[in-house]
Amino acid sequence: MAERLTLPPVPEPPQGVRLNNKVVLVTGAAQGIGEAIVAACVYQQAKLIISDIQGEKVERLAQRWRDSGFDVHAIKTDVSSQQELHAMADLALDRHGRIDVLVNCAGVNVFRDPLEMTEQDWRRCFAIDLDGAWFGCKAVLPRMIEQGGGAIVNIASTHSSHIIPGCFPYPVAKHGLLGLTRALGVEYASKGIRVNAIAPGYIETQLNIDYWNGFADPHAERQRALDLHPPRRIGQPMEVAMAAVFLASDEAPFINASCITIDGGRSVMYHD
């Protein structure tokens, strides 16, 4: 049997002060893109409240950062619960008195045949991938309005604008997330609040490593994915994370209701 793939270590992000003293909330922070976003924000001097449904895992992550001298605190959060997202916002306010940035990163892949999919699968997809982002926004918007500004970054997907067969209903929810981003961005722009999205394509996360390892030849399957992209590679979580830092920072004051696609150019190629 072919050798199994393992996830490469996440590179250390660049250090700076782009988020100096900003209070940043990140959902879905325990692994993958969310974990990389936490690292990128920490190294840009943010103060973080991080959450994930994997409570013990996200607490261990926060503790590692605190042990290194950074201001990171965790809370177990199910993003399908408005109450739990309000608790996350309350924790930020109790500790820091303000909320500058929310990154809605929590998500779940639900790929089903449309006519064989259960109602439970449909509701789970929307509860996490769309409702969860809206509930997060709803929890922080009143405080952002009160303090005169803030930034929200929604982690969407290339599925937000393109349809791949066999992935239903995930792209339906992600299209909705892009609509939510645009609608809220327009609604609250006059209040000093920017709402933007990032649409990652194929990113080398543990989820994809596990997928490739399900094949007889994981390396061949990974190479097949790489060959679909113009750079002959796929994205790394830190590349998404640094885009989130940019959108959250004061370097993007006139970027609102927009979406940055991070897929190496794959989505603009012509496919047979």
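**View A. The cis peptide bond before proline 169, in the loop between S5 and H5****.** Helices, of type H or I with at least four residues, and strands, of type E with at least two, are DSSP runs that are numbered from the N terminus. In these terms, proline 169 of this predicted model belongs to the loop that leads between S5 and H5. The peptide bond that joins phenylalanine 168 to proline 169 is cis, with an omega of about 5°.

**View B. Asparagine 21 and its positive phi****.** The residue shown is placed in the segment that comes before strand S1 (23–26). Although asparagine 21 is not a glycine, its phi is positive, at about 65°.

**View C. The open sheet and the order of its strands****.** The sheet is formed by 7 strands, which follow one another in the order S3-S2-S1-S4-S5-S6-S7 with parallel pairing. Strand S3 (72–76) and strand S7 (259–262) are the edge strands, each of them pairing on one side only. On average, and with direction ignored, neighbouring strands of this sheet are turned by 15° against each other. Strands of a sheet pair through backbone hydrogen bonds, in either a parallel or an antiparallel manner.

**View D. The pairing of S4 with S5, and helices that lie on the sheet****.** Strand S4 (residues 101–104) is joined to strand S5 (residues 150–155) in the parallel sense over 4 bridges, and leucine 102 stands opposite isoleucine 152 of S5. Helix H5 (residues 170–187) packs on the sheet and touches S5, strand S6 (193–200) and S7, with a direction that makes about 155° with that of S6. Helix H2 (residues 55–67) lies across strand S2 (47–52) and S3, and runs at about 175° to S3.

**View E. The packing of helix H3 against helix H4****.** Helix H3 (residues 82–96) and helix H4 (residues 119–147) pack at an angle of about 35°, their axes being 9 Å apart, and the crossing in which H3 passes H4 is right-handed. From H3, the residues in contact are Gln82, Leu85, His86, Ala89 and Leu93, which meet Gly132, Phe135, Gly136, Lys138, Ala139, Val140 and Arg143 of H4. Sorted by class, this contact of H3 with H4 comprises 6 nonpolar, 4 polar and 2 charged residues.

**View F. The largest cavity and the residues around it****.** The structure holds 2 cavities of 30 Å³ or more, and the largest cavity contains about 50 Å³ of space. Its lining is made up of Thr27, Val79, Asn104, Cys105, Ala106, Ile128, Asp129, Gly132, Ala133, Ile155, Lys174 and Leu177. H4 and H5 each supply at least two residues of this lining, and H4 gives the most to it, with 4 residues. By class, the lining of the largest cavity has 7 nonpolar, 3 polar and 2 charged residues. Gly132, which is among the H4 residues that meet H3, is also one of the residues lining this cavity.

**View G. The second largest cavity****.** About 30 Å³ of space lies in the second largest cavity, whose lining consists of Leu25, Thr27, Leu85, Met88, Ala89, Leu102, Gly136, Ala139 and Val140. The elements that give two or more residues to this lining are H3 and H4, and residues that take part in the contact of H3 with H4, including Leu85 and Ala89 from H3 and Gly136 from H4, line the cavity as well. The lining has 7 nonpolar and 2 polar residues, with no charged residues. Leu102, which stands opposite isoleucine 152 in S5, is among the residues of this lining, and Thr27 belongs to it as well as to the lining of the largest cavity.

**View H. The second largest pocket****.** This pocket has a volume of about 190 Å³ and a lining of 14 residues, of which Leu7, Val10, Gly32, Glu35 and Gln206 lie nearest its centre. Helix H1 (32–42) and helix H8 (237–248) each contribute at least two residues to the lining, which by class has 7 nonpolar, 4 polar and 3 charged residues.

Key:
Residues are numbered from 1 along each chain as its sequence is written. This is a predicted model: local features need pLDDT of at least 70, side-chain atom pairs count only at pLDDT 80 or more; totals for chains, interfaces and linings use all residues. Side-chain values use heavy atoms; hydrogens and water are left out. On a 1 Å grid over the protein atoms alone, a cavity is a set of points where a 1.4 Å probe fits but cannot get out, and a pocket is an open set with protein on both sides within 12 Å along at least five of seven lines; lining residues have an atom within 4 Å of a point. Grid points are joined across faces, edges and corners, and a volume is the space filled by probe spheres set on the points. Ala, Val, Leu, Ile, Met, Phe, Trp, Tyr, Cys and Pro count as nonpolar, Asp, Glu, Lys and Arg as charged, and the others, Gly among them, as polar. Two strands pair if DSSP finds at least two bridges between them. Axes are lines fitted to C-alpha atoms, for helices over the stretch in contact, and angles run from 0 to 180 degrees between N-to-C directions. Contact means heavy atoms within 4.5 Å. A crossing is left-handed if the near helix is turned anticlockwise from the far one by less than a right angle, and right-handed if clockwise.
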